[in-house]
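This report covers aromatic contacts, core packing, strand pairing and confidence for one chain. The sequence and structure come first.

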Amino acid sequence: GSGFYVPTEFNPWDSQVVSVGSVPCHIMHHYTTSTQITCTTGPAPELYVDSGLLHVSIQAFWGLGEAQYARADNEFRYLSYDT
């Protein structure tokens, strides 16, 4: 992707929230840039069961109260052998 918001000391309001399906994905700020978000999900909702494709959504916040969803074509899947 591109144009992701990374908070800085001079502009701490720029940020985003990432969700996989309806579950928040915890952003790893050290590995996140303006072109890539790295985050971790929690455990699979059901162990040893494929989840099917889950939509990844990114809600961006910037400035003084502005927000929008970023376009996301990526999907995520929990796999039964990797939960």
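## Aromatic pair

In this predicted model, a search of the whole structure returns one aromatic pair. The partners are F76 and Y78, in an edge-to-face arrangement with 5.1 Å centre to centre and 90° between the planes.

Are the two partners buried or exposed? F76 has a relative accessible area of 27%, so it counts as partly exposed. Y78 has a relative accessible area of 10% and is therefore buried, the cut-off being under 20%.

## Nonpolar core

The largest nonpolar core has eight residues: F4, V18, V20, C25, I27, I37, V56 and I58. Strands β1, β2 (23–27) and β4 each give two or more residues to this core.

I37, a member of the core, touches F4, Q16, V18, I27, T32 and I58, leaving aside residues up to four places away in sequence. Across the chain of 83 residues, 22% count as buried.

## Surroundings of S19

S19 lies in strand β1, which spans residues 15–20. Its relative accessibility is 16%, and because the limit for buried is under 20%, S19 counts as buried.

Which residues does S19 touch, not counting those up to four places away in sequence? The contacts are P24, C25, H55, V56 and S57. Two of these names, C25 and V56, also appear in the list of the largest nonpolar core.

## Strands and pairing

The chain has zero helices and six strands, and from the N terminus on its elements run β-β-β-β-β-β. Strand β4 (residues 54–62) pairs with β5 in the antiparallel sense over five bridges. One of the residues involved is I58, whose bridge partner in β5 is A70; I58 also belongs to the largest nonpolar core.

β4 and β5 form a hairpin, with three residues between them. In the turn, G63 has a positive phi of about 60°.

## Contacts and surface of the chain

Of the contacts between residues at least 6 apart in sequence, 56% join residues at least 24 apart. The exposed area of the chain is about 6100 Å², of which carbon and sulfur atoms supply 54%.

## Confidence

The average pLDDT of the chain is 77, and 78% of the residues score at least 70. Which element has the lowest mean pLDDT, and which the highest? Among the elements, the lowest mean, 78, belongs to strand β5 (residues 66–70), and the highest, 88, to strand β3 (residues 39–40). The hairpin of β4 and β5 thus includes the element with the lowest mean pLDDT.

Key
Residues are numbered from 1 along each chain as its sequence is written. This is a predicted model: local features need pLDDT of at least 70, side-chain atom pairs count only at pLDDT 80 or more; totals for chains, interfaces and linings use all residues. Side-chain values use heavy atoms; hydrogens and water are left out. pLDDT is the predictor's confidence in each residue, from 0 to 100. Helices (H or I, at least four residues) and strands (E, at least two) are DSSP runs, numbered from the N terminus. Buried means under 20% relative accessible area, exposed over 50%, partly exposed in between (1.4 Å probe, protein chains only). Contact means heavy atoms within 4.5 Å. Two strands pair if DSSP finds at least two bridges between them. A nonpolar core is a set of buried Ala, Val, Leu, Ile, Met, Phe, Trp, Tyr and Cys residues joined through side-chain atoms within 4.5 Å. Rings of Phe, Tyr and Trp (its six-membered ring) pair if their centres lie within 6.5 Å; planes under 30 degrees apart count as stacked, over 60 as edge-to-face and the rest as tilted. Accessible areas come from the Shrake-Rupley method with a 1.4 Å probe; for residues, only the protein chains shown count as cover.
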